[in-house]
Amino acid sequence: MSQFLYLYRGGDSSGTPEMMQKTMQKWMAWMQDLGAKGKLKDQGNPLEAGGKVVKKKTAITDGPFAEAKDIVGGYTLIEAKDINEAAALAAGCPIFDNGGFVEVRPILAMSM
């Protein structure tokens, strides 16, 4: 088994409180399903919009500033046999209901 990172990009997170509650319930159900299948390593967290971009030792700026579709809204760490299984598991993500997408990235195992 290998580990993969889901990066949640884009998607409209606005709406009525009722719509936001329904969306959250879908996310929780999806995460619970991943956990029940033994695939969820770390459910991760949403990311705040602001931050800093650090380049070398002398340049620290506010950011990242990107188009809405490029903003990383959160992450999850999963375990799957290969990237194809990881992508298939991502297909159930509720972010697709709001126009977003999931970037599936393999994690390179390194020993130190």
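Four strands form an open sheet in this predicted model. Their order across the sheet is 2-5-1-6, and the pairing is antiparallel. Strand 2 (40-42) and strand 6 (101-106) lie at the edges, each pairing on one side only. From one strand to the next, the twist averages 35°.

Strand 1 covers residues 2-9 and runs antiparallel to strand 6, to which six bridges join it. To find a point on this pairing, look at Leu-5, whose bridge partner in strand 6 is Arg-105.

Both helices can be placed relative to the sheet. Helix 1, residues 17-36, packs on the sheet and touches strand 1, strand 2 and strand 5 (72-80). The direction of helix 1 makes about 175° with that of strand 1. Helix 2, residues 83-90, also packs on the sheet, where its contacts are with strand 1, strand 5 and strand 6. The direction of helix 2 makes about 160° with that of strand 6.

The protein chain as a whole has two helices and six strands. Following the sequence from its start, the elements come in the pattern β-α-β-β-β-β-α-β.

Some totals complete the picture. The protein chain has 112 residues, of which 25% are buried; here a residue counts as buried if its relative accessible area is under 20%. The chain exposes about 8,000 Å², and carbon and sulfur atoms supply 57% of that area. Among contacts between residues at least 6 apart in sequence, 77% join residues at least 24 apart.

Terms used
Residues are numbered from 1 along each chain as its sequence is written. This is a predicted model: local features need pLDDT of at least 70, side-chain atom pairs count only at pLDDT 80 or more; totals for chains, interfaces and linings use all residues. Side-chain values use heavy atoms; hydrogens and water are left out. Two strands pair if DSSP finds at least two bridges between them. Axes are lines fitted to C-alpha atoms, for helices over the stretch in contact, and angles run from 0 to 180 degrees between N-to-C directions. Contact means heavy atoms within 4.5 Å. Buried means under 20% relative accessible area, exposed over 50%, partly exposed in between (1.4 Å probe, protein chains only). Accessible areas come from the Shrake-Rupley method with a 1.4 Å probe; for residues, only the protein chains shown count as cover.
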